Amino acid sequence: MAEVMINASAVTRDFSISRGMFRGKQRLQAVNGVDLTVTRGEVLALVGESGCGKTTLAKILLGLLPQTSGSISLCGTPIGSVPRLDLSRMIQPIFQDPYSSLNPRKSIGSIIGLPMRVQGIEDQQTILRRVEETMELVGLPPRLLNAYPNQLSGGQRQRVAIARALVNRPQIVVCDEPTSALDVSVQSQILNLLNDLRTELNLTYIIISHNLAVVEHIASRVAVMYLGRIVEQAETTAMFRNPQHPYTRALLDSVLTPDPRLGVPNTQLGASYPNPIDPPSGCAFHPRCANAMPHCAQTAPGGTAHNDAYVECHLYSDAGVAKAG
Ligand code: SF4
């Protein structure tokens, strides 16, 4: 049986938002009851528009934000009982922008070796050996050891960010838009590198991306998020061939922006993305849904297994089928 690397159950995360000097606070539910299981070697993509909760969920998994409720275990251990340093050896992030995530005053060798020093490793030879090994793994020539970030290309900087994430050999890597700040010509090189590293180091990935071409290329499974909930989850091939949820269908029909740095795909959904402080009643997607039925505005759909997917939509519940018919 596949080894479970991440197990999240009913995870929520609320934020308290100020409404102004005399109007008190309002609750924003960024993550709303997420269940997720990721096994060793899987690449799970979290997709959805800005504000859907995917980055908040990733921060919770990385231990950078506590969840408000629900439970999460990494490699079988509840996340709350893992000391911070141990957690950072288990799971590491790779951020979107290699330009801002590398300290311009530090050499490449120093940047890549920093996580080892944070772990209390002091022997310079041990650090140097591991840094050189990791640079080779990610395709960085040894001559760049003493170079500085501003002397590197965008692709090389992202390789440095990947090397820094992998130097302590974590088991899980969270990649937040790993190629969106890069030229199109370099994107596929970085994706192929991530794929090769996954096989070579037996890694498990969570990929956050709005770029569905990237997701189709690299993910083994996709979870589609909308207003803090996973509304559909399926194997990548199945989802791209036969999306079930009306929102997933709209995303796949979307016109991807020619410049990936522009961010949100044009979903052609008419109504704009709802305000998470004041989410719609019933199914949160109903104001934008082409298939909405009268009861969609009243009752939130539960989760159903349908055509090899997990999907939250009344179209696939008995009540929905009856009323749609
Ligand atoms: Fe559309 Fe209703 Fe399904 Fe929501 S529950 S996605 S409104 S059909």
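Student: What volume does the largest pocket have?
Tutor: About 370 Å³. A pocket is an open set of points on a 1 Å grid over the protein atoms alone, where a 1.4 Å probe fits, with protein on both sides within 12 Å along at least five of seven lines; the volume is the space filled by probe spheres set on points joined across faces, edges and corners.

Student: Which residues are closest to its centre?
Tutor: Asn32, Leu227, Arg229, Gly282 and Ala284, out of 19 that line the largest pocket (lining means having an atom within 4 Å of a point). The model is predicted, so local features need pLDDT of at least 70 and side-chain atom pairs 80 or more, while totals for chains, interfaces and linings use all residues. Numbering starts from 1 along each chain as its sequence is written, and side-chain values use heavy atoms, without hydrogens and water.

Student: Which strand gives the most to that lining?
Tutor: S2, with three residues. Strand S2 covers 25-39, and both S2 and S10 supply at least two lining residues each. Strands are DSSP runs of E, at least two residues long, and helices are runs of H or I, at least four; both are numbered from the N terminus.

Student: What does S10 pair with?
Tutor: With S9, in the antiparallel sense, over six bridges (pairing takes at least two DSSP bridges). S10 spans residues 229-235, and its Glu232 stands opposite Val224.

Student: How many residues lie between the two strands in the hairpin?
Tutor: Two residues separate S9 and S10 there. Leu227 in that hairpin takes a positive phi near 45 degrees. Leu227 is also on the list of residues closest to the pocket centre.

Student: Which way does S3 run against S9, parallel or antiparallel?
Tutor: Parallel, and four bridges join the two. S3 is residues 43-47; its Leu46 has Ala223 of S9 as bridge partner.

Student: Is S9 buried or exposed?
Tutor: Buried: six of the six residues in 221-226 are, so S9 is largely enclosed by the rest of the structure. Buried means under 20% relative accessible area (1.4 Å probe, protein chains only).

Student: Which residues sit on each face?
Tutor: Arg221, Ala223 and Met225 are on one side, with Val222, Val224 and Tyr226 on the other. Both faces of S9 are covered.

Student: New topic. How many residues of H1 are buried?
Tutor: Six of the eight in helix H1 (residues 54-61), so H1 is largely enclosed by the rest of the structure.

Student: Which ones?
Tutor: Lys54, Thr56, Leu57, Ala58, Ile60 and Leu61.

Student: What comes just after H1?
Tutor: Gly63, which takes a positive phi of about 80 degrees.

Key. Buried means under 20% relative accessible area, exposed over 50%, partly exposed in between (1.4 Å probe, protein chains only).
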